[in-house]
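I wanted to see how the chains sit against one another, so I opened the model and took notes as I went. The entries follow in the order I looked things up.

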Amino acid sequence: MSVGSLLSAADIGMIRGERLLFREVSLSLAPGEAIVLRGPNGAGKTTLLRILAGLTQAETGTIDRNAPHHWVAHRDGLKPHETPREHLTLWARAWGQSQTDIEPLLDEMGLSRPSDVPAKHLSAGQRRRTALARLRLENRPVWLLDEPLTALDADGKTLLLDMIAAHRAEGGGMIAAIHGDAEFEIDMQVDI
Amino acid sequence: MFSWFANPHRFLMLSSWLAPLFYAAAALLIAWGLWQGLWMVPKDDYQGGDIMRVMFVHVPAAWLAMASYLGMAVMSFVWFIWRHEVADIAAKAIAPLGATWTALCLVTGAIWGKPTWGTWWQWDDARMMSVLFMFFLFLGYMALRAAMDTRQKAARAGAILAMVGALNVPLIKFSVDLFTSLHQDASVITPEGPKMAAVYLWPLLISSLGHSLLFAALVMTLMRAEIWTRRAAQIRARLMTGD
Amino acid sequence: MSPAPILSAFRQALDEAWAGGAGALLPVGFFAGAAVLVPLGVGTDPETLRAIGPGILWVSLALSSLVTLERIFQADAEDGSLDLWLQTSAPAASIAAAKTFAHWLTAGLPLALLSPLLLLMFQAQIDGALLENMLFYAIGGLAFYFWGGVGAALAATVRRGGLLISLIVLPLYVPTAIFGALAMGGGPSSVAAPLFLAASTLFALAVAPFAMGAALRLAAD
């Protein structure tokens, strides 16, 4: 495993039912880097990302996680009754970051207007912004993002790209499964 | 030691001659047990007259109901800890057979109970209740496995449930025992040694051994079928993806 | 390991129960409804009702736990919060236990509190036994919810998992139902039965969280 890598995976293979999704996937994420997972629908991008996060058990291979990670997937993790403010307060507490001030964060994420609207009444873009706001509740070097750009409007995309740039500038790394154009600088592409 | 058997290929080799051997031995032993039980031994009027001869099926079935659940739980544990695929295949194969013998035990018990106690079903009887709940544990296990969308998930879910069930069996047994039992006390195995008349004991033991061998042979057959099914599915998946 | 994720999971589960709009009212309504159907079925003879009342409430309690448990982990799996809970610093078993305990507080305990009223409708006498029974329903209900939670976690990714949960957990409910009924029966075993009831609940509290944790990891896989 390379020295100073935030997260590295070697020879990951996965079988679902009897179907081989992928095999011998290896990657290593260094500080400041961005890795993009690409492949057609159903190829297993999300599964690979879940394996890297430790949610799914791989059939073969080893993973070294040398730094804590954030997880944002297409299921946003919001409860239907939860407002963006409640959601962020809850996770700040759960992660032991209860001193974090939620108000400026809501403002910067463009969520100050719907901050007290339950998630079931929010648009998909607003829910996604709330989920992405979790990335800033606590400073974690690794970001694992599944299709982070979907559902976001132009402003939202700019916001996320700025967040990614700032995160990488501070020495953070990210691994993202992305279907369309990446719109940010890529250090490595993993095709599966 | 289990690791040695855990290789599917080795299991297929071993079972290819062991299973037929078990079938043949089981046929002989069950036939002898039934012949002795149904025609040769004297009837016991205290146990309901001729109807007590159902004992030569009922007792082996009761023994297998208990043993098969234990076997399934042990196989689940082995799979959960060491992930030997053959252990999961064994647990999966035991479930429907265990449920069948458990049902056989319940049905023969009811047939024996009607003339002896005057009722098909006795809620006060601890053993009938325990076996009934054992039957439900098997059903739940099979239903859960069937509801999972991949065989890997079925194996994991099944193993968790079988282990939880096995931990609960003593508690279920104990709670059910708090009800009064109409059955006589355990009479084959006692601390002082067997006390049942030898004339019944031998056919009973031979019958039980025969049923056990039949059960083991059927488990092996189902396991062989499952291994070949999985291989066929793998080949099909490989052909479909052109890999 | 810090307790913060466990407390947060507990708090979220409480919020969720009340946010549904009805909170504890829904399970209470179901519990009472199931119980009051019985006199319509078996007749109104006061002696009969007095004899079967406590048992009917045990059955209603078991049924309400099954009905309300179906969604507790399924919703988490669907909205993605399960993924987040499994990635906190706390073990999955402790998160599952916190959620199940919160669920019992909002959906199980109110049923126990309501039990004296229903027992009076079943022609029980007003005496200390009503409060005693309330305690038994509370303790037994806790075991129902924890074993039920195992079934709910195993069936979290199964569509229409309710029937499956019922089949899975039915045998696990047996000891609690038997000890509970014996504790109230007034027979020779009614002195020891409450202790057995408490012991089987402790057993559930000790074993069920680990099974739920393993099942939730499977549900996220």
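**Chain A against chain C**

I started with the charges: the rule finds five salt bridges across the interface of chain A and chain C. Keep in mind that this is a predicted model. I looked up one of the bridges, and there Glu16(C) pairs with Lys79(A), with 3.5 Å between the closest N and O atoms. For polar contacts across the interface of chain A and chain C, I got 14 residue pairs, both partners at pLDDT 80 or more.

Next I asked which elements of chain A supply at least two residues each to the side that touches chain C. I found α1 (45-53), β5 (69-72) and α2 (84-94) of chain A. α2(A) gives the most to that side, with four residues. Sorting the side of chain A that touches chain C by class, I have nine nonpolar, seven polar and eight charged residues.

Then the extent of the interface. I count 24 residues of chain A in contact with 24 residues of chain C. Chain A and chain C bury about 2000 Å² between them, and 53% of that is on carbon and sulfur atoms. Which three residues supply more of the area that chain A buries against chain C than any other three? They are Leu55(A), Lys79(A) and Trp91(A), and they account for 30% of it. Lys79(A) was already in my notes as the salt-bridge partner of Glu16(C).

**Helix on helix, A to C**

I went back to α2(A), this time for its packing. α2(A) and helix α1 (residues 4-19) of chain C pack at an angle of about 150°, with their axes 7 Å apart. At that angle, α2(A) is therefore roughly antiparallel to α1(C). From α2(A), the contact is made by Leu90(A), Arg93(A) and Ala94(A). From α1(C), I noted Ala4(C), Pro5(C), Ser8(C), Arg11(C) and Gln12(C). By class, the residues of this contact of α2(A) with α1(C) are four nonpolar, two polar and two charged.

**Inside chain C**

I also looked at a helix pair within chain C. Helix α5 (residues 92-121) and helix α8 (residues 193-220) of chain C pack at about 110°, with axes 7 Å apart. So α5(C) is roughly perpendicular to α8(C). On the α5(C) part of the contact I wrote down Ala92(C), Ala93(C), Ala96(C), Ala97(C) and Thr100(C). The α8(C) residues include Pro209(C), Phe210(C), Leu216(C) and Arg217(C). The contact of α5(C) with α8(C) divides into eight nonpolar, two polar and one charged residue.

**Chain C against chain B**

Last, the other interface. I have 25 residues of chain C in contact with 26 residues of chain B. The area buried between chain C and chain B is about 2400 Å², and carbon and sulfur atoms give 85% of it.

How many salt bridges does the rule find across the interface of chain C and chain B? It finds one. I pulled up Arg156(B) and Asp221(C), whose side chains meet in a salt bridge at 2.5 Å, N to O. For polar contacts between chain C and chain B, I got two residue pairs, both at pLDDT 80 or more.

On the side of chain C that touches chain B, α6 (128-154), α7 (162-185) and α8 of chain C each supply at least two residues. α7(C) has the largest share, eleven residues. By class, I logged 22 nonpolar, one polar and two charged residues on that side of chain C.

Notes
Residues are numbered from 1 along each chain as its sequence is written. Chains are lettered from A and ligands numbered from 1 in the order in which they are written. This is a predicted model: local features need pLDDT of at least 70, side-chain atom pairs count only at pLDDT 80 or more; totals for chains, interfaces and linings use all residues. Side-chain values use heavy atoms; hydrogens and water are left out. Contact means heavy atoms within 4.5 Å. Buried area is the accessible area (1.4 Å probe) that two parts lose on being put together, summed over both. A salt bridge is a side-chain nitrogen of Lys or Arg within 4 Å of a carboxyl oxygen of Asp or Glu. A polar contact is a pair of N or O atoms within 3.5 Å; within protein, one must be able to donate a hydrogen and the other to accept it, and residues adjacent in sequence count only if both atoms are side-chain atoms. Ala, Val, Leu, Ile, Met, Phe, Trp, Tyr, Cys and Pro count as nonpolar, Asp, Glu, Lys and Arg as charged, and the others, Gly among them, as polar. Axes are lines fitted to C-alpha atoms, for helices over the stretch in contact, and angles run from 0 to 180 degrees between N-to-C directions. Angles under 35 degrees count as roughly parallel, over 145 as roughly antiparallel, 65 to 115 as roughly perpendicular and the rest as oblique.
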